[in-house]
2 protein chains.
Amino acid sequence: MKSKYQVKIFVTLRPSVLDPAGTAVESGLQQLGYSTVEQVRIGKYIELNITAPNERIARENLDRICDTMLANPVIENYRFDMREVETQTGIV
Amino acid sequence: MKSKYQVKIFVTLRPSVLDPAGTAVESGLQQLGYSTVEQVRIGKYIELNITAPNERIARENLDRICDTMLANPVIENYRFDMREVETQTGIV
């Protein structure tokens, strides 16, 4: 039996790392008149589907995927939400 | 009285728009052996704080900010979650 999970991954810069893109957006917004906006930080948002025998294995795979490809663990944090969307029964 | 809201904005490509970066990540993951990953879509995740007299005005401002600076409405959708973190009382 295998389950398909829909995953939403959020990759953010660590708080100690400067975010020049966020600073640029913030100053752009202030020039447009939105002076009440502050602490803009820009990250990545990734959606994907993963198939795995169970949730634990799906989470282990996702941790490896995030560490190796989606996030740079030196400067970025990640977290993900997952929900099961489908269960496939039968011989795998 | 003004309130400060912590906002999380998710900008995603519209479903009909091709996502070459997502396709590249997907094929990279498959080459690394993660053949169970599919439908990778890459978007932006933005965190910011905004101060406004009430939630309705904060939402109106955020809609304008997303439409003009954070998302390209021709090819991207956005949504945001907000929560109040602080209320400032006194003469503004």
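## Close-up views of a two-chain model

**View 1. B:Leu70, a buried residue in helix α2 of chain B**. With a relative accessibility of 4%, B:Leu70 counts as buried (buried means under 20% relative accessible area, exposed over 50% and partly exposed in between, using a 1.4 Å probe and protein chains only). This is a predicted model, in which local features need pLDDT of at least 70 and side-chain atom pairs count only at pLDDT 80 or more, while totals for chains, interfaces and linings use all residues. Residues are numbered from 1 along each chain as its sequence is written, chains are lettered from A and ligands numbered from 1 in the order in which they are written, and side-chain values use heavy atoms, with hydrogens and water left out. Helix α2 of chain B, where B:Leu70 is found, covers residues 55–70; helices (H or I, at least four residues) and strands (E, at least two) are DSSP runs, numbered from the N terminus. What does B:Leu70 contact, leaving aside its neighbours within four places in sequence? The list is A:Val25 from chain A, together with B:Ile9, B:Val11, B:Lys44, B:Ile46, B:Leu48, B:Ile65 and B:Glu76; contact means heavy atoms within 4.5 Å. For B:Ile9, which lies 61 residues from B:Leu70 along the chain, the C-alpha separation is 8.9 Å.

**View 2. Chains A and B related by a rotation**. Turning chain A by 180°, with 0.0 Å of shift along the axis, superposes it on chain B with an RMSD of 0.0 Å. That is the relation of a two-fold axis. The superposition is by least squares on the C-alpha atoms of residues with pLDDT of at least 70 in both copies. Because 100% of the interface residues of chain A are also interface residues in chain B, the copies meet through the same surface.

**View 3. Chain A, with its two helices and three strands**. Follow the sequence of chain A and you will read the pattern β-α-β-α-β. Its radius of gyration is 18 Å, well over the 12 Å that the globule rule gives for 92 residues, so chain A is more spread out than a compact globule. The radius is taken over C-alpha atoms, and the rule is 2.2 Å times the number of residues to the power 0.38. Along its principal axes, the C-alpha trace of chain A spans about 60 × 25 × 15 Å. Of the 92 residues in chain A, 38% are buried. Among contacts in chain A between residues at least 6 apart in sequence, 74% join residues at least 24 apart.

**View 4. A:Val7, buried in strand β1 of chain A**. A:Val7 has a relative accessibility of 0% and counts as buried; its strand, β1, runs over residues 2–13. Beyond four places in sequence, A:Val7 has contacts that include A:Ile46, A:Leu48, A:Ile50, A:Leu62, A:Phe80 and A:Met82. Between A:Val7 and A:Leu62, which are 55 residues apart along the chain, the C-alpha distance is 8.9 Å.

**View 5. Aromatic rings and the arginines over them**. Ring pairs link A:Phe10, A:Tyr45, B:Phe10 and B:Tyr45 into a cluster. Rings of Phe, Tyr and Trp (its six-membered ring) pair if their centres lie within 6.5 Å; planes under 30 degrees apart count as stacked, over 60 as edge-to-face and the rest as tilted. In chain A, the charged end of A:Arg79 sits over the ring of A:Phe10, 4.3 Å from its centre. In chain B, the charged end of B:Arg79 sits over the ring of B:Phe10, 4.2 Å from its centre. To count as sitting over a ring, NZ of Lys or CZ of Arg must be within 6 Å of the ring centre and within 35 degrees of the ring normal.

**View 6. B:Phe80, with B:Tyr78 and B:Arg59 beside it in the legend**. The count comes to seven aromatic pairs over all chains. One of them, B:Tyr78 with B:Phe80, is stacked, at 6.5 Å centre to centre and 5° between the planes. B:Phe80 is buried at 13% relative accessible area, whereas B:Tyr78 is partly exposed at 24%. B:Arg59, in helix α2 of chain B, touches B:Phe80 and B:Met82, not counting residues up to four places away in sequence. B:Arg59 is partly exposed, at 33% relative accessibility.

**View 7. A:Gln39 in strand β2, with a positive phi**. Phi of A:Gln39, a residue other than glycine, is near 55°. Most residues other than glycine have a negative phi. Strand β2 of chain A covers residues 37–52. Is A:Gln39 buried or exposed? A:Gln39 is exposed, with a relative accessible area of 52%. In chain B, phi of B:Gln39 is near 55° too, and B:Gln39 counts as exposed at 51% relative accessibility.
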